[in-house]
Every structure is written in C-alpha cells, then in structure tokens.
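Student: I have a model open and would like to talk through it with you. Could we begin with the ground rules?

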Amino acid sequence: MIAIIDYGMGNLRSVQKGFEKVGFEAVVTADPKVVLEAEKVVLPGVGAFRDCMRNLEQGGFVEPILKVIRDGRPFLGICVGMQLLLTDSVEFGLYQGLDVIPGHVLRFPDGMEEHGERLKVPHMGWNQLSIRRPAPILAGIEDGANVYFVHSYYEMPDDETAVAATATYGVQFCAALWKDNVMATQFHPEKSQAVGLCMLKNFGEFK
C-alpha cells in the first residue's frame, strides 16, 4: 500500500489518481500511524516551505517519515515535498528541513534572462530534463523528456551524486533526487502526462 501524506499542503487527489491510473492502490492519510505501516510513502507539497514544515511537525509526521526512510522503504517527495528533504530553505527567512539529504533550497535569482528575454519567477510550465543518473523512478524516461514545473525555489544538494536529473531555467538546478530508497522530483509527475505516469509506475514497482 502506498500512503500519500495529507498535512494540508498539496493537491493530493491528483497524485492518488495518478497512481490509480497505473494500477497501484494509494491512500491519502492524515494519520501518522498509517504512514508508519505503509509499504511506500509519498510526500507531496504545495505552498511555502516554512508552512509545510510546520504542518508536518504539528501533524506528527516528522518521526514517521524519518523512520520509513531509515527502514529502507521507498519514499517519494514531490515539489515542496522534495525541498523538505534538504537541510534548510531561505524562503521567507531561514527554515530547517528534514535534513535527509544535506543541501539547501535557494530562490531563483532576480533578473534572469534567456535569449534576451526576462524570465519570470515562479518557473511555471514545461521544461526538459537532463538525466544525470539512472534513478529507478526515471527508468524508461528519455533524456530531454518534458515535465511540468511550478516553483520559485530550487535545490542545491551538497553531494552532487544525489542529483538524478537537472533542468535549466536561467540557472541549472536539481530537478530530481535519488539516494538509496529516497526519490524526489521538483516537478509534478501527476501533471506531466505520460512521462509522469511512467515515473509513478516506476515508483509503484520499486522494491
């Protein structure tokens, strides 16, 4: 069973429907005990890093998440759910994350340009992946595949070997992480059509 953590920060039903489309049962839960018992866990996230982290703490999810990861069970972070896995974020100040993957969450710099045009923040829309490592979640995905992003902040892991894929929007940034049983995407697989569904299927099949 795949548990999708409901901590008040994310479009959980769309993630659940994505798993259902590729043949996997996924349960949206606000109960930390269900997370502890799940075979696999998904942490989505939409909104500010500090609010997401606060809600995780208040909901009693931090220790269950860390235990699931320590136990070696498959774990998937999506969007802010990926950012929360890092050490800290500079969004609205400096806020501590789960520190599962050492690194920092930074804001896209002001004044970015591409082909002479000013780039807007947030980075919103389709962009190409540059695959760096054959992460399990990326099996069958071609280098250069398009996925859907919505974010103003990006990840900088301390260890470059944790970077599974990058994308470029003014700056090159980490688009997907992979470390042992932990996988994460800055983009939204559930909004990325066939490519994203393939990734959800890969996660569902990962052991």
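Tutor: Happily! A polar contact is a pair of N or O atoms within 3.5 Å; within protein, one must be able to donate a hydrogen and the other to accept it, and residues adjacent in sequence count only if both atoms are side-chain atoms. This is a predicted model, where local features need pLDDT of at least 70, side-chain atom pairs count only at pLDDT 80 or more, and totals for chains, interfaces and linings use all residues. Residues are numbered from 1 along each chain as its sequence is written, and side-chain values use heavy atoms, leaving out hydrogens and water.

Student: With which side chain does the side chain of Asn-127 make a polar contact?

Tutor: Asn-127 lies in strand 10, residues 123-128 (strands are DSSP E runs of at least two residues, numbered from the N terminus). At 3.2 Å, the partner of its side chain is the side chain of His-123.

Student: Is Asn-127 buried or exposed?

Tutor: Buried means under 20% relative accessible area, exposed over 50%, and partly exposed in between, with a 1.4 Å probe and protein chains only. Asn-127 has 14% relative accessibility, so it counts as buried.

Student: Which residues is Asn-127 in contact with, leaving aside its neighbours within four places in sequence?

Tutor: Contact means heavy atoms within 4.5 Å. By that rule, the partners of Asn-127 are Ala-145, Asn-146, Val-147, Phe-149, Ala-167, Thr-168 and Tyr-169.

Student: What percentage of the 207 residues in the protein is buried?

Tutor: Asn-127 is itself a buried residue. Across the 207 residues of the protein, the buried share is 54%.

How values were computed:
Helix = DSSP H or I, 4+ residues; strand = E, 2+ residues; numbered from the N terminus.
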